[in-house]
Amino acid sequence: MRYVILTALLLLTGCTSWQNPTLDMSVDRSERFATDRAICRKRAQEQTHAAPDNDLPKRTYTQDQDLYTKETKVFQRCMSAKGWIKK
């Protein structure tokens, strides 16, 4: 039963990837993606204060999930601003 549920979830969610139709063909897309992804990941961690620190604060599960959700939204907005579309 577990495998049926996992298979159904994978089929419903599908595989997504980031694509940028605005890039020129002469640009190395994988290199540009890696650069933009690193910039956006750093920006998301800084804006949401999600960057790992040494003192490991004691947060609840709900607080961790809220932080992750905020970080993901900032990351996706940053990638969209750079022309990347999630397909």
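**Exercise 1. Describe the order of helices and strands along the protein chain.**

Solution. Start at the N terminus and read along the sequence: the pattern is α-β-α-α-β. This gives 3 helices and 2 strands, where helices (H or I, at least four residues) and strands (E, at least two) are DSSP runs numbered from the N terminus. Please keep in mind that this is a predicted model, in which local features need pLDDT of at least 70 and side-chain atom pairs count only at pLDDT 80 or more, while totals for chains, interfaces and linings use all residues. Residues are numbered from 1 along each chain as its sequence is written, and side-chain values use heavy atoms, with hydrogens and water left out.

Now turn to the chain as a whole. Of its 87 residues, 18% count as buried; buried means under 20% relative accessible area, exposed over 50%, and partly exposed in between (1.4 Å probe, protein chains only). Among contacts between residues at least 6 apart in sequence, 79% join residues at least 24 apart, a contact being heavy atoms within 4.5 Å.

**Exercise 2. Work out how helices α2 and α3 cross, and which residues make the contact.**

Solution. Two packed helices are described by the angle between their axes and the distance between the axes. Take α2 (residues 29-48) and α3 (residues 61-81): their axes come within 8 Å and cross at roughly 140°. The axes are lines fitted to C-alpha atoms, for helices over the stretch in contact, and angles run from 0 to 180 degrees between N-to-C directions. α2 is therefore oblique to α3, since angles under 35 degrees count as roughly parallel, over 145 as roughly antiparallel, 65 to 115 as roughly perpendicular and the rest as oblique.

Next, list the residues. On the α2 side the contact includes Phe33, Asp36, Arg37, Cys40 and Ala44; on the α3 side, Leu67, Lys70, Glu71, Val74 and Phe75 are among them. Sorted by class, the contact has 8 nonpolar, 3 polar and 6 charged residues. For this count, Ala, Val, Leu, Ile, Met, Phe, Trp, Tyr, Cys and Pro are nonpolar, Asp, Glu, Lys and Arg are charged, and the others, Gly among them, are polar.

**Exercise 3. Is Thr48 buried or exposed, and what does this residue touch?**

Solution. First locate Thr48, in helix α2. Its relative accessible area is 12%, so Thr48 is buried. Then check the side chain: one of its polar atoms lies 2.6 Å from the backbone oxygen of Ala44. Finally, not counting residues up to four places away in sequence, Thr48 touches Leu67, Lys70, Glu71 and Val74.

**Exercise 4. Set His49 beside Arg77 and give the C-alpha distance from each to its partner.**

Solution. His49 lies in the loop between α2 and α3 and is exposed, with a relative accessible area of 68%. From His49 to Glu71 there are 22 residues in sequence and 8.7 Å in space, C-alpha to C-alpha. Arg77 belongs to helix α3 and is exposed at 55%. Arg77 and Cys40 are 37 residues apart in sequence and 8.7 Å apart in space, again C-alpha to C-alpha.

**Exercise 5. Describe the surroundings of two loop residues, Asn20 and Arg59.**

Solution. Begin with Asn20, in the loop between β1 (18-19) and α2. Its relative accessibility is 2%, so Asn20 counts as buried. The Asn20 side chain reaches the backbone oxygen of Lys82 at 3.3 Å. Leaving aside neighbours within four places in sequence, Asn20 is in contact with Arg29, Lys82, Gly83 and Trp84.

Continue with Arg59, in the loop between α2 and α3. At 40% relative accessibility, Arg59 counts as partly exposed. With neighbours within four places in sequence left aside, Arg59 is in contact with Asp64 and Leu67.

How values were computed
Polar contact = N/O pair within 3.5 Å; in protein donor to acceptor, adjacent residues only side chain to side chain.
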